[in-house]
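Biologist: I should be grateful for a close look at a single part of this structure. Please explain it in one connected account that a first-year student could follow.

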Amino acid sequence: MVCYYHLDKPAVGLCKYCERGLCSDCAAFAGDSLACRNLHEEQVREMELMMQKNILQSKRVGSDYMRNTIFYGTVGILFTAFGISQLKWLGLQALIYLMIGLALLWAAVANYLESRKYK
Ligand SMILES: [Zn+2]
Ligand SMILES: [Zn+2]
């Protein structure tokens, strides 16, 4: 394979944007990839950024929402159960625990629904 711009020079790699062969004079590093120097450097850098963002997002979404669901769910059930069991003795104070528990359970449901959206 030869350079797209210099047919007498061997290509050292491909531009990630246009996939043309590049010699060492034409190749520029944009992120982890090669790009046509002064032509596609910006485009390749943008492609790299988008890919990185996608990877980060899918990782974050997959595990974090499920972890939040389990956390809020567990704490929410504890608060709710405690509130109900103490309702007779503590009155209004138990009601506050109950409200916190229900709010946490609501957060758990919201996180669960979010986690399903991305699967
Ligand atoms: Zn290019
Ligand atoms: Zn060249």
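**The zinc site and the strand beside it**

Modeller: The structure holds 0 disulfides. A disulfide is a covalent bond between the sulfur atoms of two cysteines. The model discussed here is predicted, and the cysteines may be examined with that in mind.

Let us begin with the metal. The zinc ion (ligand 1) is coordinated by four side chains: C15, C18 and C36 each offer the atom SG, and H40 offers ND1. These atoms stand at 1.9 to 2.3 Å from the zinc ion. The angles among the 4 donor atoms run from 101 to 124°, and the site is tetrahedral; for that description, every angle must lie between 85 and 135 degrees. Read along the chain, the donors of the zinc ion follow the spacing C-x2-C-x17-C-x3-H.

How accessible are these donors? C36 has a relative accessibility of 1% and therefore counts as buried. H40, at 10%, also counts as buried, because the term applies to values under 20%. Another cysteine, C3, has a relative accessible area of 0%, so C3 is buried as well.

The donor C36 leads us to strand β4, which covers residues 33–36. The side chains of β4 point in two directions: S33 and A35 face one way, whereas L34 and C36 face the other way, and all are buried. Thus the zinc donor C36 lies on the side of β4 to which L34 also points.

Strand β4 has a partner. Strand β3, made of residues 27–30, is joined to β4 by 4 bridges, and the two run antiparallel. Within this pairing, A27 stands opposite C36. The two strands form a hairpin with 2 residues between them. In the turn, G31 has a positive phi of about 70°.

At the other end of β4 we may look closely at S33, which belongs to that strand. Its relative accessible area is 12%, and S33 is therefore buried. The side chain of S33 is joined to that of E48 by a polar contact of 2.7 Å. When neighbours within four places in sequence are set aside, the residues in contact with S33 are K16, A28, V44 and E48. Of these, A28 falls within the range of β3, the strand that pairs with β4.

To draw the account together, β4 holds S33, whose side chain meets E48 in a polar contact, and C36, which points the other way from S33 and coordinates the zinc ion.

How values were computed
Residues numbered from 1 in each chain as written. Chains lettered and ligands numbered in written order. Predicted model: local features only at pLDDT ≥ 70, side-chain atom pairs only at ≥ 80, totals over all residues. Heavy atoms only, no water. Donors = N, O, S within 2.8 Å, 3.2 Å for Na, K, Ca; no water. Tetrahedral: all angles 85-135°; square planar, octahedral: opposite > 155°, others 65-115°. Buried < 20%, exposed > 50% of the residue type's maximum accessible area, 1.4 Å probe, protein only. Disulfide = S-S within 2.5 Å. Polar contact = N/O pair within 3.5 Å; in protein donor to acceptor, adjacent residues only side chain to side chain. Contact = heavy atoms within 4.5 Å. Pairing = 2+ DSSP bridges.
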